[in-house]
Amino acid sequence: MTFQRILTYALNSVTKKTVQVLFLAVGLVMTGHAILTPMLMVIIMLTGDLLGMSLTTDNVRPSPMPNTWRIGELTFAGVFMGVAELVFCTTMLAIARFRLGLGIEALRTTAFVAIVFGNQATTYANRERLRLWSSRPSLWLIGSSVADVLIASALAACGIGMTPMPVWAVGGTLGAAAVFALLVDFAKVPVFNRLKIA
């Protein structure tokens, strides 16, 4: 069971690295500016590490067969999940930029919230090889998720370290992330099965 926790942690790490690096590039192309300030990146790293470490306490089921490290397949699965999250984050940024006409400072807040909430969605999809509701997450994982969402929402709504974002926009982004979690969950099952991520 320890192997399953390590596998999830590794899968989640690849996912986060993929989306964060590519999203910085997409944001630069879309806006002509760095989409995240150093302060926002530090906050994302701190809250993301809290969530990532709580995965080591998660409820897992034993492997159906002897465990082996399939690094290529694991990396591909992580990149797949990262690209899916990139699509979510880019969509949120594009709506804010082209539909709402927000300036760069407001776009940075949007990017911050999209990454934090998108990370939550992919974390819950990554932790379960079947549907995300197939097993109950640990209390530590749930607690860290609640703390992560509350901290990010409060910072964004109050404008601490960033331009304030309306509460309705924060809530809307969180709702969009919940829909994204369900969509990516349906997409990931056949991919994980084909790659034998068990």
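This is a short walk through the structure shown above, from its overall layout to a few individual contacts.

Let me begin with a caution, which is that we are looking at a predicted model, and I will speak of its features with that in mind. Read along the sequence, the protein follows the pattern α-α-α-α-α-α, so that what you see on the screen is described by six helices and zero strands. The protein has 198 residues, of which 46% count as buried. If we take the contacts with a separation of 6 or more, 86% of them come from residues that are 24 or more positions apart.

Turning to the outside, the protein exposes about 9,700 Å², and carbon and sulfur atoms supply 74% of that area. One part of this surface that I would like you to find is a nonpolar patch of about 390 Å², made by V21, L22, V79, V83 and V87. Two helices, α1 (2–31) and α3 (71–99), each supply at least two residues of the patch, and α3 gives the most, with three residues. If you want a single residue to start from, take L22, whose place is in helix α1 and which counts as partly exposed because its relative accessibility is 36%.

From the surface, let us go to the aromatic rings. A search of the whole structure finds two aromatic pairs, and one of them, formed by F88 and F180, is stacked, with 5.0 Å from centre to centre and 15° between the planes. This pair links distant parts of the chain, since F88 sits in helix α3 and F180 in helix α6 (residues 167–195), 92 residues apart. Both F88 and F180 are buried.

Next come the charged side chains, where the count comes to two salt bridges. In the salt bridge between R108 and E105, the N to O distance is 2.9 Å, and because the two residues are three apart in helix α4, about one helical turn separates them. R108 is buried, with a relative accessible area of 14%, whereas E105, at 40% relative accessibility, counts as partly exposed.

The other salt bridge joins K188 to D185, with the closest N and O atoms 2.8 Å apart. K188 and D185 both lie in helix α6, three residues apart, which is about one turn of the helix. Are these two residues buried or exposed? K188 is buried, with a relative accessible area of 0%, and D185, at 0% relative accessibility, counts as buried too.

D185 also brings us to another residue, R131, which is found in the loop between α4 and α5 (139–158). R131 and D185 are 54 residues apart in sequence, and yet they are 6.3 Å apart in space, C-alpha to C-alpha. Leaving aside residues up to four places away in sequence, R131 touches D185, F186 and V189. What, then, lies 3.1 Å from a polar atom of the side chain of R131? The backbone oxygen of D185 does. R131 itself is partly exposed, with a relative accessible area of 24%.

I will finish with R127, which is found in helix α4 (residues 104–127). R127 counts as buried because its relative accessibility is 5%, and a polar contact of 3.1 Å joins its side chain to that of S135.

Terms used:
Residues numbered from 1 in each chain as written. Predicted model: local features only at pLDDT ≥ 70, side-chain atom pairs only at ≥ 80, totals over all residues. Heavy atoms only, no water. Helix = DSSP H or I, 4+ residues; strand = E, 2+ residues; numbered from the N terminus. Buried < 20%, exposed > 50% of the residue type's maximum accessible area, 1.4 Å probe, protein only. Contact = heavy atoms within 4.5 Å. Areas by Shrake-Rupley, 256 points an atom, 1.4 Å probe, with all protein chains shown as cover. Patch = residues over 30% accessible without salt bridge, like charges linked within 9 Å, V, L, I, M, F, W, Y side chains within 5 Å. Salt bridge = Lys/Arg side-chain N within 4 Å of Asp/Glu carboxyl O. Phe/Tyr/Trp six-rings, centres within 6.5 Å; stacked < 30°, edge-to-face > 60°. Polar contact = N/O pair within 3.5 Å; in protein donor to acceptor, adjacent residues only side chain to side chain.
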